[in-house]
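Please open the structure in your viewer and keep the selection tool at hand. The tour below proceeds stop by stop, stating at each one what to select and what is to be found there.

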There are 2 protein chains.
Amino acid sequence: MEVTIAERQHLNKRKKIGKILEEKGSGICPIHDFLIHFANKWSMLVILNLGFSGKSRFNALKQRTTGISQRMLTVTLRALEEDGLISRKVFAEIPPRVEYELTTLGKSLLDVMTLMGEWASRHEAEIQRARKAFHKGR
Amino acid sequence: MEVTIAERQHLNKRKKIGKILEEKGSGICPIHDFLIHFANKWSMLVILNLGFSGKSRFNALKQRTTGISQRMLTVTLRALEEDGLISRKVFAEIPPRVEYELTTLGKSLLDVMTLMGEWASRHEAEIQRARKAFHKGR
DNA sequence: CGGTATCCTTGGAGATACTG
DNA sequence: CAGTATCTCCAAGGATACCG
C-alpha cells in the first residue's frame with residue numbers, strides 16, 4: 001500500500017478538522033464556543049492592542065482601539081476577563097487607576113490571532129482581485 | 001548589548017502585531033476586514049465542513065452544518081464565493097446540481113482555522129475554570 | 001478616571017412561502 | 001434541488017447622561 005506525502009498530510013488535516021467538528025452534536029462544540037466569545041471585531045482588536053502595548057490603562061486602550069465606544073470597551077474587557085484572557089488590576093488611588101494585561105492564556109491566543117492577521121495581510125490583494133472578478137462576472 | 005532569546009522573540013512578535021494594526025488609521029485594516037468577512041460562526045463552520053468533506057452539494061452541506069438555515073447557508077456561500085474562498089459549479093441538469101469546493105485560497109484559510117480550533121480544544125477546560133473563578137469572586 | 005444606566009436604532013438572522 | 005422573496009423579531013451596539 002502506497003501513500004504519497006501529500007495524501008498523508010491531507011488525511012492528517014482531515015482528522016484534525018473532524019476532531020474539531022465532532023463534538024458539535026453532543027451540545028458544546030469548542031470552536032463554536034470560541035467563535036462566540038473571541039471571534040468578533042472588538043475582542044480581537046483589544047487582544048491585539050494589549051499584546052502590542054503590554055500593560056495598559058482603560059483610556060489608553062480606548063485611544064488605541066480606533067472606533068470603539070466606552071461601553072463596548074467595558075463590555076469586551078469584562079468578557080475577556082471572565083474567560084481568563086486578561087487580568088484587571090485596580091489601584092486604590094484618586095483619581096482611580098486600572099491596569100489591564102494579557103494573561104498567559106491571553107498571550108497564547110494572541111499567537112493564533114497574529115497568524116490570522118498575517119494570513120489576512122498576505123492574501124489581501126488576492127481577495128480584492130477575487131471580488132472584482134466576481135462582480136464583473138454577473 | 002545583551003538580548004535574551006525570550007526578549008528577541010517578544011520583540012519580533014510585537015513587530016508583527018504592529019504591522020497588523022498599523023494600517024488601521026489609513027482606512028482599511030486587513031485584520032478588520034478579515035474579521036468582518038470570515039470571523040463569524042457560519043463562515044467558519046462552512047469552511048471547516050467543506051474542508052472536511054471536500055466537494056459537496058448544497059443540501060449535503062446544509063445537513064452537516066448543524067443549525068444553519070437555508071437562507072444563511074446561501075448568504076454565507078455567496079460571500080465566501082465572492083471573496084474567492086470557495087468555488088461554485090452549476091450542472092445543467094434536472095433536477096439541478098450545484099457543487100461547492102474550497103479553492104486554494106480557501107484551503108490556506110482552513111489551515112489557520114484548524115489552528116484556532118486546536119487552540120480552542122486545548123484551552124477549553126482552562127477557560128471553563130476561569131469563568132467559574134470569576135463568578136465566585138463577586 | 002473609569003466606569004454604569006438608559007434609551008434607541010439598525011441590521012443579522014430565523015420562519016415561512018414561493019419558483020426555475 | 002437549490003435556491004429567492006418577504007416578514008418579522010431580537011439583540012448588538014452607538015449616543016448620551018450620570019456616578020464613586
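A polar contact is a pair of N or O atoms within 3.5 Å. The model on the screen is a predicted one.

**Stop 1: a contact with DNA strand C**

Select A:Asn59 and DNA strand C. An N or O atom in the side chain of A:Asn59 is 3.2 Å from a phosphate oxygen of DNA strand C. Next, select A:Arg88, where the distance from a side-chain N or O atom to a phosphate oxygen of DNA strand C is 2.5 Å. Then move to chain B and select B:Arg71. Which kind of atom of DNA strand C is 2.6 Å from an N or O atom in the side chain of B:Arg71? The atom is a base nitrogen.

Several elements give two or more residues to the surface near DNA strand C: helix H4 (58-64), helix H5 (70-82) and strand S3 (97-102) of chain A, together with helix H5 (70-82) of chain B. Colour H5(A), for this helix provides the largest share of that surface, four residues.

**Stop 2: the whole surface near DNA strand C**

Now widen the selection to the protein residues around DNA strand C. The strand is surrounded by 18 residues, and the closest are A:Gln70, A:Arg78, A:Arg88, A:Tyr100 and B:Arg71. Of the atoms of DNA strand C that come within 4 Å of the protein, 64% belong to sugar and phosphate. Colouring by class shows eight nonpolar, four polar and six charged residues on this surface.

**Stop 3: DNA strand D**

Select DNA strand D and the residues around it. There are 17 such residues, with A:Arg71, B:Arg57, B:Gln70, B:Arg88 and B:Tyr100 the closest. Sugar or phosphate accounts for 63% of the atoms of DNA strand D within 4 Å of the protein, and bases account for the rest.

Three side chains may be selected in turn.

- B:Gln70: an N or O atom of the side chain is 2.5 Å from a base nitrogen of DNA strand D.
- B:Arg78: an N or O atom of the side chain is 3.0 Å from a phosphate oxygen of DNA strand D.
- B:Arg88: an N or O atom of the side chain is 2.6 Å from a phosphate oxygen of DNA strand D.

Which helix supplies the largest share of the surface near DNA strand D? It is H5(B), with four residues. By class, this surface divides into eight nonpolar, four polar and five charged residues.

**Stop 4: the two protein chains**

Hide the DNA and select chain A and chain B. A turn of 180° and a shift of 0.0 Å along the axis lay chain A on chain B with an RMSD of 0.1 Å. That is the relation of a two-fold axis. To find the axis, select A:Ala39, whose C-alpha lies 2.7 Å from it, the closest approach of any residue of chain A. Interface residues of chain A are also interface residues in chain B in 100% of cases, so the copies meet through the same surface.

**Stop 5: the two largest pockets**

Select A:Gly51, A:Leu102, A:Lys107, A:Leu110 and B:His10, which lie nearest the centre of the largest pocket among its 17 lining residues. This pocket holds about 270 Å³ of space. H1(B) gives the most to the lining, with six residues. The lining has six nonpolar, five polar and six charged residues.

The second largest pocket holds about 230 Å³ of space. Select A:His10, A:Lys13, B:Gly51, B:Lys107 and B:Leu110, the closest to its centre of the 14 residues that line it. Here H1(A) gives the most to the lining, with six residues.

**Stop 6: an enclosed space**

The final selection concerns the second largest cavity, which has a volume of about 80 Å³. From chain A, its lining includes A:Pro30, A:Asp33, A:Phe34 and A:Phe38. From chain B, the lining includes B:Trp119, B:Ala120, B:Glu124, B:Ile127, B:Gln128 and B:Arg131. The elements that give two or more residues to this lining are helix H2 (30-38) of chain A and H6 of chain B. H6(B) provides the largest share, six residues. By class, the lining consists of six nonpolar, one polar and three charged residues.

Note on methods. Residues are numbered from 1 along each chain as its sequence is written. Chains are lettered from A and ligands numbered from 1 in the order in which they are written. This is a predicted model: local features need pLDDT of at least 70, side-chain atom pairs count only at pLDDT 80 or more; totals for chains, interfaces and linings use all residues. Side-chain values use heavy atoms; hydrogens and water are left out. Copies are superposed by least squares on the C-alpha atoms of residues with pLDDT of at least 70 in both. Contact means heavy atoms within 4.5 Å. A residue is near a molecule or strand if one of its heavy atoms lies within 4 Å of it. A polar contact is a pair of N or O atoms within 3.5 Å; within protein, one must be able to donate a hydrogen and the other to accept it, and residues adjacent in sequence count only if both atoms are side-chain atoms. Ala, Val, Leu, Ile, Met, Phe, Trp, Tyr, Cys and Pro count as nonpolar, Asp, Glu, Lys and Arg as charged, and the others, Gly among them, as polar. On a 1 Å grid over the protein atoms alone, a cavity is a set of points where a 1.4 Å probe fits but cannot get out, and a pocket is an open set with protein on both sides within 12 Å along at least five of seven lines; lining residues have an atom within 4 Å of a point. Grid points are joined across faces, edges and corners, and a volume is the space filled by probe spheres set on the points.
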